Structure formats: structure tokens, C-alpha cells
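Please load the model in your viewer, with a cartoon for the backbone and sticks ready for the side chains. The tour below proceeds by selections, each followed by what is to be found there.

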Amino acid sequence: MGGRSRVALAVGGTLILAWAVIALFWPHLAPYDPVHQDPLHRFAPPGPGHWLGTDQFGRDTLSRMLAGARPVLQVAPLATALGTLAGTVVGLVAGTFGGLVDEVVMRVLDAIVVFPTIIAAVLFVALSGRSVTAVVLVIAASFTTIVARSVRAATLVEREKAYVEAARLRGERSWSLMLREILPNVTTTVLVEATSRFGDAIFAAATLSFLGLGQPPGSPEWGASVSDNRTWLQIAPWTVLAPALAIASLVVATALVADALRSRWEAP
């Protein structure tokens with residue numbers, strides 16, 4: 001790993017760790033209750049009393065930004081894990097078995113890809129109600145197709161190598177080939193996809209909450225906070241900038257880590 005990659009990994013990893021600590025311990029770090037309303041101090045500008053100001057209800061912006069880290073970091077890792085796991089299984093099966101199985105799987109993936117994630121989220125929420133589970137499942141489903149395609153491509157490459165042919169000649173069945181021979185050799189592809197999708201999951205979770213499909217109104221979750229305060233952007237820009245910059249910092253941090261790990265794992 002080069003010097004720039006190490007710096008990117010260190011910076012990105014530090015930011016992610018910092019937000020993870022905040023997500024775990026925000027009740028001890030937030031100076032105020034994030035849902036406490038103080039109408040006498042609504043739209044207070046950043047200052048000693050409220051370091052990032054207050055919103056239209058007089059709620060402390062810094063406290064809400066810190067509290068908003070937890071719902072994001074509850075959804076993103078779980079959605080990433082589920083999407084990566086499902087995509088890995090689908091991609092391995094399609095690439096290993098080939099033929100009709102591969103054809104059917106790819107046609108199903110094509111049908112899923114052309115269906116917009118936002119519309120899928122609206123339909124799913126309409127059927128199941130607004131919940132964290134709905135957001136996780138929608139994001140995971142959208143990642144499954146992406147991961148499956150990457151894992152399938154890697155599996156097709158590995159399937160033609162000599163060690164797989166030798167295993168076939170030994171009489172190993174397809175399931176054994178897939179799990180014992182091919183899977184260990186596509187692990188790098190799976191890990192690269194997982195790290196890349198984690199940043200996407202953070203942004204997707206915030207977007208769905210912004211659209212009212214995730215956390216309920218009034219939640220300190222970053223996407224919901226941006227949505228609640230966008231009307232007051234010209235009057236109190238800090239109410240939007242704080243959660244927006246929090247989203248950006250975490251997405252950029254995960255991108256730095258993903259790029260650094262990709263450079264290391266894919267290096268010849």
C-alpha cells in the first residue's frame with residue numbers, strides 16, 4: 001500500500017471511528033436533549049450557549065447532529081451486510097452453475113435494476129409502514145444486484161482456472177466447487193464491494209429519511225433533519241449545514257477507506 005493510500009485509510013478510518021463512538025455515546029456527549037424545545041431561543045445563531053445554533057423549535061443543533069449519528073450507523077452496516085451476503089450468494093450460484101441458472105438469475109437481476117429504488121421504497125413503506133426495517137430491506141435489495149454482478153464476474157474468471165478444473169476431475173460437485181474452491185478466491189471482490197456499498201448505504205439511508213420514508217418527522221437523523229429545516233435555509237443555514245456536513249464527512253470517510261483497501265487488495 002502506497003503512502004497516499006495509508007494516509008487516506010488513516011484519515012477515513014479515524015472519521016468513521018469518531019462517528020461510531022459518537023453514535024454509541026451521544027447521550028453523554030450532547031450538551032442538550034436533542035428533542036427538547038425552547039421557543040424563546042428559536043433560530044439562535046451559533047455561539048457559546050449553542051455552538052451550532054438552534055432550529056425553529058429552539059432545539060440545539062449540535063445535540064441533534066450528534067444524536068443523528070446513531071440511526072444512520074444502525075441502518076447502514078446492517079443494509080450493507082444483508083445486501084453483500086445476498087449478492088454474494090446470487091453471484092456465486094449464477095457464475096458457478098452457468099447455463100440456464102445463470103440466464104434466469106441475470107434476467108431477474110436486470111428486471112430489478114430497472115426498477116427505481118425510490119419507487120420500491122415508497123411501495124414497500126406503503127405496504128409495511130414506515131420503519132427502520134423497511135429502509136434496511138430496500139437498501140439491501142438495491143445492493144444485492146450490484147454485488148451479485150461483481151461476484152458473478154469474478155466467479156466466471158475463477159471457474160476457468162486450473163485449480164477448479166483439477167477439483168472437477170477429482171469428482172467434486174458444483175456446490176463443493178463453489179464453497180471450497182471458488183468462494184475463498186473471490187473474497188477480495190466481496191470485501192471491495194462491501195466497503196464501497198457502506199458509503200452508499202449511508203447516503204441512501206439519509207436520502208430515504210429526507211423523503212419521509214425512513215425516520216419519523218422530528219427525528220434527529222441527519223436526512224430527516226435536513227428535510228425538516230430546508231424551509232429555513234435562508235434564515236438559519238446552520239440547521240441544514242450541520243447534518244448535511246455530517247453526512248458528507250461520513251460518506252467521504254468511507255470512500256477514502258474503500259479506495260485505500262481496494263488499492264491494497266487489488267494490487268498485483
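How many salt bridges does a search of the whole structure find? The search finds 14, where a salt bridge is a side-chain nitrogen of Lys or Arg within 4 Å of a carboxyl oxygen of Asp or Glu. Before selecting any of them, note that this is a predicted model, in which local features need pLDDT of at least 70 and side-chain atom pairs count only at pLDDT 80 or more, while totals for chains, interfaces and linings use all residues. Residues are numbered from 1 along each chain as its sequence is written, and side-chain values use heavy atoms, with hydrogens and water left out.

**The whole chain**

Begin with the protein chain in full, which holds 11 helices and zero strands; helices (H or I, at least four residues) and strands (E, at least two) are DSSP runs, numbered from the N terminus. The C-alpha atoms fill a box of roughly 80 × 50 × 30 Å along the principal axes. Of the 268 residues, 46% are buried, a class that means under 20% relative accessible area, with exposed being over 50% and partly exposed in between (1.4 Å probe, protein chains only). The chain exposes about 13600 Å², of which carbon and sulfur atoms supply 68%; accessible areas come from the Shrake-Rupley method with a 1.4 Å probe, and for residues only the protein chains shown count as cover. Among the contacts with a separation of 6 or more, 71% are between residues 24 or more positions apart, contact meaning heavy atoms within 4.5 Å.

**Helix α1**

Next select residues 3-29, which make up helix α1. A straight helix of 27 residues would span 39 Å at 1.5 Å a residue, yet the end C-alpha atoms of α1 are only 34 Å apart; the expected span is 1.5 Å times one less than the number of residues. Centre on Ala23, where α1 bends by about 60°, and then look for Pro27, a proline that follows within four residues. The bend at a residue is the angle between axes fitted to the seven residues ending there and the seven starting there.

Now colour Ser5, Ala8, Gly12, Trp19, Ile22, Ala23 and Trp26, the buried residues of α1. Their cover includes α2 (61-67), α3 (69-97), α10 (222-229) and α11 (238-265).

Then select Leu17, Val21, Leu24, Phe25 and Leu29, which form a nonpolar patch on the surface with about 480 Å² of accessible area together. Patches are made of residues with over 30% relative accessible area and no salt bridge, like charges being joined within 9 Å and nonpolar side chains (Val, Leu, Ile, Met, Phe, Trp, Tyr) within 5 Å. Leu29 counts as partly exposed because its relative accessibility is 44%.

**The loop between α1 and α2**

Move on to Val35, which is found in the loop between α1 and α2. Apart from its neighbours within four places in sequence, Val35 is in contact with Arg59 and Arg64. A distance label between the C-alpha atoms of Val35 and Asp60 should read 8.3 Å, although these residues are 25 apart along the chain. Phe43, found in that loop between α1 and α2, has a positive phi of about 60° although it is not a glycine. Phe43 counts as buried, because its relative accessibility is 15%.

**Helices α4 and α6**

Select Asp110 and Arg107, whose salt bridge has its closest N and O atoms 2.7 Å apart. Because they are three residues apart in helix α4 (residues 99-113), about one helical turn separates them.

In helix α6 (residues 132-159), the 28 residues should span 40 Å and the end C-alpha atoms are 39 Å apart, which agrees. Even so, there is a kink of about 25° in α6, centred on Thr144.

**Around α7 and α8**

Finish with Arg168 and Glu165, a salt bridge of 3.4 Å between the closest N and O atoms, with both residues in helix α7 (residues 162-169) and about one turn apart. Beyond that, the side chains of Glu181 and Arg170 meet in a salt bridge (3.3 Å, N to O). This pair links Glu181 in helix α8 (residues 174-182) to Arg170 in the loop between α7 and α8, 11 residues apart. Glu181 is buried, with a relative accessible area of 15%, whereas Arg170 counts as exposed at 54% relative accessibility. As a last selection, take Glu103, Arg107, Asp110 and Arg149, which are joined into one network by salt bridges that share partners.
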